[in-house]
Amino acid sequence: MMLTLVRHGEPERNVGESERADPPLSRTGRAQMTGARRLVEVDGCDALFCSPLRRARESAEVLLPGCCPVIDDDLAEFDRDTQRYVHWEDGVDPYRAYLAGDLSPWGTTLDEFRGRIRAAVERMRVAGVEHAVAVTHGGVINNFLAMVLGLSRTSVFRPGYGSVNRFRYLPGWGWVTVELNAIGARISTFQ
């Protein structure tokens, strides 16, 4: 089985109060997902899974238009219950606890978060599909990779917005990493 984990596109930065916890995609984010579509189409997709968060759902719509994703709460980011989404690149200060493996500021633990990821991936694996695609978040992708590699760290690399990350399940062996951080197209932020 091939599992492709796609990080959602860049979320909108300037949103109203009602959208701060779960912002929509920005125009750049939509372009990033169009680029990711080219990479996903190469391998095909037998089933599409998605985090319930808006930035992931909108990303899935752009990634595979017309495909109805299976929404899986366990693919949501560790910060899913916060009042305000904070962009990683805006500074790591809010994420110092996360980098230390402490997810208590977000009302969970690393073991609980990884347990959810493990459960979501296992459901995809036993679904009997040859190639599953899941639109999810940087923390989910990082922690899945860390589990595959047997690491305790929460951050192994920085998945780009709209990046495609491929893993293969080998019976008798387990999950192996195939490709990380593939970007379908360079997106210019200059207008």
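Let's start at H137, which sits in the loop between β4 and α5. Keep in mind as we go that this is a predicted model. Is H137 buried or exposed? Its relative accessibility is 1%, and buried means under 20%, so H137 counts as buried. Leaving aside its neighbours within four places in sequence, H137 is in contact with quite a list of residues: R7, H8, S51, L53, R55, A56, L75, A76 and E77. With one of these, S51, there is also a polar contact, side chain to side chain, at 2.8 Å.

Now step back from that loop into strand β4. How many of its residues are buried? The count is six of six, so β4 is mostly covered. You can check this face by face: H131, V133 and V135 lie on one side, A132, A134 and T136 lie on the other, and all of them are buried.

What lies alongside β4? Strands of a sheet pair through backbone hydrogen bonds, and they can do that either parallel or antiparallel. Here β1 and β4 run parallel and are joined by six bridges; M2, for instance, has H131 in β4 as its bridge partner. Strand β2 also runs parallel to β4, this time with four bridges, and there A47 stands opposite A132.

Zoom out and you'll find that these strands belong to an open sheet of six, in the order β3-β2-β4-β1-β5-β6, with mixed pairing. Which strands are at the edges? They are β3 (70-71) and β6 (174-182), each of which pairs on one side only. For β6, a pairing partner is β5 (residues 164-170): the two go together in the antiparallel sense over six bridges. Within that pair, R168 stands opposite V176 in β6. The sheet also has a helix packed on it, namely α2 (residues 54-63), which touches β1 (2-7), β2 (47-50), β3 and β4 (131-136). The direction of α2 makes about 135 degrees with that of β4.

Let's stay with edge strand β6 a bit longer, since two of its residues are worth a look. V178 has its place in this strand, and at 46% relative accessibility it counts as partly exposed. Not counting residues up to four places away in sequence, V178 touches M2, R166, F167 and R168. To get a feeling for distances, take V178 and E58: they are 120 residues apart in sequence and 26 Å apart in space, C-alpha to C-alpha. N181 is in β6 too, and it is also partly exposed, with a relative accessibility of 28%. Its backbone has a quirk: phi of N181 is near 60 degrees, a positive value in a residue other than glycine.

Finally, go to the helices on the far end of our route. Two packed helices are described by the angle between their axes and the distance between the axes. For α4 (residues 110-126) and α5 (residues 138-149), the angle is about 85 degrees and the axes are 10 Å apart. Angles from 65 to 115 count as roughly perpendicular, so that is how α4 and α5 lie to each other. Which residues make the contact? From α4 come L110, F113, R114, I117, R118 and V121, while α5 brings G139, V140, N143, F144, A146 and M147. Sorted by character, the residues of this contact are eight nonpolar, two polar and two charged.

Note on methods: Residues are numbered from 1 along each chain as its sequence is written. This is a predicted model: local features need pLDDT of at least 70, side-chain atom pairs count only at pLDDT 80 or more; totals for chains, interfaces and linings use all residues. Side-chain values use heavy atoms; hydrogens and water are left out. Axes are lines fitted to C-alpha atoms, for helices over the stretch in contact, and angles run from 0 to 180 degrees between N-to-C directions. Angles under 35 degrees count as roughly parallel, over 145 as roughly antiparallel, 65 to 115 as roughly perpendicular and the rest as oblique. Contact means heavy atoms within 4.5 Å. Ala, Val, Leu, Ile, Met, Phe, Trp, Tyr, Cys and Pro count as nonpolar, Asp, Glu, Lys and Arg as charged, and the others, Gly among them, as polar. Two strands pair if DSSP finds at least two bridges between them. Buried means under 20% relative accessible area, exposed over 50%, partly exposed in between (1.4 Å probe, protein chains only). A polar contact is a pair of N or O atoms within 3.5 Å; within protein, one must be able to donate a hydrogen and the other to accept it, and residues adjacent in sequence count only if both atoms are side-chain atoms.
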